[in-house]
Amino acid sequence: MQKAYNSGIVIFMAFVMSLVASLSIARAQDEPGHGIMTNGDAAVTGFSGTSDQNGQPFINTEGTSVKIIGLSDAENPRGQVIQPPVKLETPARSVGQVFGVALDNATPPNIYVTATSSYGLSIVTPDTNGDGIPEKATTGAADATFMAGQFGPEGGAGSIWKIDGTTGAVSQFANIENSVAGLGNISFDATHYQFFVSDLESGLVHRIGMNGQIIDTFDHGATGRPVAGLEAVNDDPSLKADITNPDFDTENADTWGLTDVRRRVWGLSFYRNRLYYSPTEGPQVWSVGIKQDGSFADDARVEIQTVPGGFPVSDMLFTSNGKMILAQRGGHFGSTDYSQFHTPGNNAVLRYGRDETGKWIQEPKEYAIGFPPDHKNASGGVGLACGNVIWSTGDALRNDPALADRLSQGGELVINGLQGSRYSAVRPLNTPPFSSWFVDYDGQFNDPQNIGHVGDVEIYRDCQRRTDGYFEERWPGWTPEWIPPGGWYPPEWWPEYPDLRLIKRNTRCKYVGKSLIVECKFKMIVTNVGAVVYTGPLNIVDNVPANVTYVPPPAGNIAWNCQQPGGSGAPIVCNSVNIETLFPGHSKTLILKMRYTGGKHRRRIKNCAILEVPDEYLANNEDCGFGKVPRPVRKYCPKGWTRYPTTGSVPNGWQIQTIGKLICAKPRRIVVPPLPLPLPGPVCRRNEDRFFNPADIPPRWRSRRVTRNGRTVWCAKPPIIVDPVPLPGPVCRRGERRYFNPNDIPPRWRSRRMTRNGRTVWCAKPALALEQCRRGETLFTSRQAIPRGWKRRVIFQNRRRVWCARPGIVTPVRICAKGERRFANQSQVPRGWKWRQVRRNGVTYICAKRQFVICKPGTHRVGKRCVPDRVQIICRKGTHRVGKRCVPNRVQIICRKGTHRVGKRCVKDTIIIKPRPVAPRLIPGLIRCPVGTRRVNGRCVKN
């Protein structure tokens with residue numbers, strides 16, 4: 001009893017201590033200084049605004065240049081304006097005017113911002129009228145200085161500022177030599193713990209360490225362009241600006257010292273050991289490798305040849321599934337009244353993906369930014385949140401007069417700030433963007449004249465996996481209405497779009513009867529591996545080999561309509577009869593039966609199927625299957641052999657051979673010894689005649705004497721007469737037919753006259769239409785240019801032979817084992833994971849897995865194993881549990897009053913009326929009966 005009492009005290013004290021610890025943690029999180037950013041918060045840069053001084057607008061030094069906004073608790077998007085909490089505001093007196101923003105990987109992260117001229121350049125001269133306020137200037141002067149709030153304290157156009165992630169304190173992180181033009185953008189390299197910063201004045205990309213020191217630089221104009229075979233463009237020091245020069249003009253960006261557009265780099269981002277950057281010329285997207293020590297490689301190359309729109313790419317990022325997002329800004333624009341800072345209306349947010357070969361697809365997909373047409377109202381910043389949400393900066397995002405009545409229901413119309421949209425909502429989806437959120441940067445909704453007042457945005461993403469195997473964020477499609485199949489888990493980055501995958505199973509074929517006709521059944525499985533429900537038709541084209549015929553009808557778990565329009569050997573086209581709905585993880589099947597002859601000489605049949613569905617990822621829409629043909633079963637003995645049912649029935653002395661289950665026999669052959677053959681005599685050559693007498697040889701014939709084994713003959717042949725060789729006549733080209741009379745040429749044929757050595761012919765061929773490559777094929781003008789392993793075919797275009805080729809099917813080789821995850825290096829492996837090194841093709845990979853066991857739904861952990869949960873049987877109403885079964889309850893029949901139970905029924909009771917005894921009055925000659933009875937034969941009976 002005493003032990004039980006002590007254990008109860010221990011448990012109660014442990015509960016109290018855990019409660020106190022949780023309360024202290026919650027209080028610590030609420031206290032200031034725990035962290036200025038949490039998962040889903042956005043760091044946004046923008047113009048700090050103006051303040052009136054003596055009737056003139058000056059930079060507002062108390063205005064906000066960097067703002068931390070909490071975006072994680074937004075409701076479902078319907079085009080409305082949201083007002084999230086503002087967690088921190090950094091004024092212009094601390095950092096000046098900044099554009100680029102980056103976060104490091106600290107917890108919580110620190111914020112880094114770069115000085116900029118994207119909001120114009122403001123200069124002043126000393127006070128001349130005695131009001132104590134400097135005079136605002138628009139052109140350079142000998143005593144001109146930058147206006148207060150243009151750049152941070154004791155910093156210039158090349159300063160980088162750090163905002164502490166815990167306290168919010170501001171300090172100068174680095175200072176790059178820059179006169180006027182300012183910096184472009186900044187990107188953090190978490191692999192090598194360094195920063196990359198673009199310089200708009202020199203065109204260099206600076207590599208900066210965590211201590212703020214410049215390590216080295218990369219010159220795109222002088223180093224990157226020559227590697228790609230372009231002319232080198234060096235820095236021109238004469239282009240640098242000086243605010244003391246009278247040629248400097250605050251309203252003309254050409255006087256601000258911006259470097260040549262061919263070497264001017266603005267947007268950049270680090271991804272998978274390569275730095276992607278965007279030169280203003282084009283604009284284009286290039287990349288350069290980052291070595292293991294973090295330095296620049298010498299392998300610059302063009303990734304995107306031309307970004308549509310013509311305006312510079314000021315920001316870029318990469319999603320976890322390898323897509324590249326670009327944001328454009330309309331250059332630099334000076335404005336004395338601080339209203340317009342770039343050219344609006346044609347700046348887009350674009351998404352690029354790769355093809356099956358890993359090359360970037362040059363045609364991007366675009367997001368609809370803002371309601372005003374043509375939905376290209378971006379202002380140069382883009383960020384990615386954990387919930388697959390793209391946040392971009394923009395101007396006049398909801399100011400569309402045509403939709404004013406509808407938009408006014410969701411908030412203010414004048415919004416200069418942020419727009420959040422789903423990652424998969426590319427145009428024509430979400431156009432106009434009614435499935436988006438909108439946030440105003442400065443909280444003022446009466447500034448429709450302002451353009452370019454919002455800069456860059458960066459989102460804090462802490463998308464860590466929980467201990468139960470899922471992510472903390474709300475995965476798309478994972479709703480209470482949808483139950484995933486057993487054993488199904490979402491991938492690390494679940495794509496937020498329907499992605500259909502086709503798998504074709506291998507099969508074993510069989511012979512039809514006793515013939516050599518082979519019949520095969522192929523099963524194709526279409527699975528939705530995306531995160532969004534797919535609704536639409538399913539179209540499958542099965543490309544079969546020659547002489548293969550489709551045998552209807554098709555089978556599967558849905559209704560199909562299949563045809564083979566071209567007959568035997570032509571593709572089999574199958575379409576779903578109904579519009580199908582595939583939830584994430586669910587599948588539809590198709591079974592096709594086909595036959596072909598010649599199975600005796602053919603051991604395998606291969607055919608490939610293509611799922612023709614317009615989805616995001618086409619690499620898994622094609623698969624091939626193999627049908628193994630069995631060896632023919634022999635049912636007859638070879639020629640000369642006789643079949644017997646048993647070996648005992650074979651005659652004595654016969655030779656017996658067992659072929660499969662057949663017993664074949666034949667008489668043994670008696671070999672007679674051969675007679676001695678005479679020795680061979682002389683033999684003449686193939687073109688010679690034999691003569692036994694030389695006098696019989698015709699005159700002028702060439703002869704020779706041959707002796708062999710004592711016998712002699714003469715071999716002779718006629719002399720060779722050489723006729724004169726005729727001169728060659730005209731020869732037509734390949735594909736042309738020769739005609740000796742022009743009247744014989746078919747109509748509408750293209751012909752030409754050929755004369756050679758006195759002979760004339762006409763060469764003609766039919767007029768061919770311009771052949772085109774099929775879908776999925778690439779046109780090559782030479783055979784040598786086709787990549788190795790690609791499937792090719794020849795077509796003719798304008799009398800020229802060209803090749804159409806498509807990549808072959810490459811089966812990826814698994815590097816890590818099942819249940820393991822691949823990491824680039826050992827430092828990325830989470831703590832406590834068990835890891836090992838795997839080397840493939842000269843490259844070393846790190847494969848790791850958790851040491852603890854995560855059981856799937858329906859099981860629980862016992863030691864290091866997952867065992868099924870105990871099934872709790874809940875019987876429905878009217879049944880009760882007996883063992884592991886539910887049996888019906890015994891029916892208790894309760895009869896109402898006036899009835900009684902007979903078996904399982906209620907029947908009426910039998911009424912027995914007993915007359916009340918009444919003492920008869922003894923009247924002589926008369927018997928009186930009670931009421932309700934009468935007298936019958938001296939008795940009282942019931943009426």
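This briefing introduces one strand and the enclosed spaces of the structure above. The model is a predicted one. Two topics make a good way in: strand β1, which covers residues 41-46, and the cavities, of which there are 3 with a volume of 30 Å³ or more.

**Strand β1 and its surroundings**

- Start with burial: 6 of the 6 residues of β1 are buried, so the strand is largely enclosed by the rest of the structure.
- If you follow the side chains, Asp41, Ala43 and Thr45 point one way from β1, while Ala42, Val44 and Gly46 point the other way.
- Both of these sets are buried, Asp41 and Thr45 included.

**Partners of β1**

- Strand β4, made of residues 64-70, pairs with β1 in the antiparallel sense, and 5 bridges link the two.
- To find this pairing in the model, look for Ala42 of β1, which stands opposite Ile69 in β4.
- β1 is also joined to strand β29 (residues 454-459) by 4 bridges, and these two strands run antiparallel as well.
- A handy landmark here is Gly46, which has Val454 of β29 opposite.

**The largest cavity**

- Among the 3 cavities of 30 Å³ or more, the largest holds about 110 Å³ of space.
- Its lining is formed by 14 residues, and those closest to the centre of the cavity are Leu121, Ser122, Thr250, Ser335 and Tyr338.
- By residue type, the lining of this largest cavity divides into 6 nonpolar, 7 polar and 1 charged.

Notes:
Residues are numbered from 1 along each chain as its sequence is written. This is a predicted model: local features need pLDDT of at least 70, side-chain atom pairs count only at pLDDT 80 or more; totals for chains, interfaces and linings use all residues. Side-chain values use heavy atoms; hydrogens and water are left out. Buried means under 20% relative accessible area, exposed over 50%, partly exposed in between (1.4 Å probe, protein chains only). Two strands pair if DSSP finds at least two bridges between them. On a 1 Å grid over the protein atoms alone, a cavity is a set of points where a 1.4 Å probe fits but cannot get out, and a pocket is an open set with protein on both sides within 12 Å along at least five of seven lines; lining residues have an atom within 4 Å of a point. Grid points are joined across faces, edges and corners, and a volume is the space filled by probe spheres set on the points. Ala, Val, Leu, Ile, Met, Phe, Trp, Tyr, Cys and Pro count as nonpolar, Asp, Glu, Lys and Arg as charged, and the others, Gly among them, as polar.
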